[in-house]
Amino acid sequence: MPLVTLTLNRGKSAAHKTAILDAVHRALVASGVPPTDRFQRVLELDAEHFRYDPSYPDLQRPRDGDFILIEVLFSVGRSVKVKKAILAHLMAGLVEEPGLDPENVMVCFKETAWENWAFGGGRLLHAS
């Protein structure tokens, strides 16, 4: 169950945020995540609370006000090959709709063990 967090500058439209989250979800589904497995949140920050270097570490063009950070929390076990496929699908989707420059997109994959998820009711489904 991926948990997706989108962090971006305050002031973007609901349609813009939806287009980004939909692209993330399509990339995850293409990698084998069930279509109903959608847990997403959006953090909108004022510029004073969203600070980043415009070009570190290896950007081809500087980041601008459209910069977004996408964090994907997975259960342990996704291979680098799967993560690269997710990134390729995601970047293509973000260029298509909402038209983002891939240099403005930072993605962070995080992993945790199954026993760290309580999906509801305080139940640890995958731990004895």
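## A helix across two strands

Let's start with helix α2, residues 80–96, which lies across strands β3 and β4 and runs at about 145° to β4. Keep in mind that this is a predicted model.

The two strands under discussion are themselves partners: β3, residues 68–75, runs parallel to β4, and eight bridges join them. One place to look is I70, whose bridge partner in β4 is V107.

## The sheet as a whole

How are the four strands ordered in the sheet? Reading across, the order is β2-β1-β3-β4, in an open sheet with mixed pairing. The edges belong to β2 (39–45) and β4 (105–112); each has a single partner strand, so one side of each is left without a neighbour in the sheet. From one strand to the next, the twist averages 15°.

Helix α1, residues 14–30, also packs on the sheet, where it touches β1 (3–9), β2 and β3. The direction of α1 makes about 145° with that of β1.

## Strand β1 and its two partners

Is β1 mostly covered or mostly open? Six of the seven residues in β1 are buried, so to speak of it as mostly covered is fair.

With β2, strand β1 pairs in the parallel sense over seven bridges; here T5 has R41 of β2 as its bridge partner. The route between these two strands passes through α1, and this β-α-β crossover is right-handed.

With β3, strand β1 pairs in the antiparallel sense, over six bridges. On this side, L8 stands opposite I68 in β3.

## The nonpolar core

In soluble globular proteins, nonpolar side chains tend to be buried together. For this model, the largest nonpolar core has 20 residues. Which residues have the most contacts inside this core? They are L28, I68, I70, L90 and L94.

Several elements contribute: β1, α1, β3 and α2 each supply at least two residues of the core. The largest share, six residues, comes from α1.

L94 is a good residue to follow on the structure. Setting aside neighbours within four places in sequence, L94 is in contact with I20, A23, I68, I70, G99, L100 and V105. Among these contacts, I68 and I70 also belong to the group with the most contacts inside the core.

Conventions: Residues are numbered from 1 along each chain as its sequence is written. This is a predicted model: local features need pLDDT of at least 70, side-chain atom pairs count only at pLDDT 80 or more; totals for chains, interfaces and linings use all residues. Side-chain values use heavy atoms; hydrogens and water are left out. Two strands pair if DSSP finds at least two bridges between them. Axes are lines fitted to C-alpha atoms, for helices over the stretch in contact, and angles run from 0 to 180 degrees between N-to-C directions. Contact means heavy atoms within 4.5 Å. A nonpolar core is a set of buried Ala, Val, Leu, Ile, Met, Phe, Trp, Tyr and Cys residues joined through side-chain atoms within 4.5 Å. Buried means under 20% relative accessible area, exposed over 50%, partly exposed in between (1.4 Å probe, protein chains only). A crossover is right-handed if, with the strands pointing away from the viewer, the path from the first strand over the helix to the second runs clockwise.
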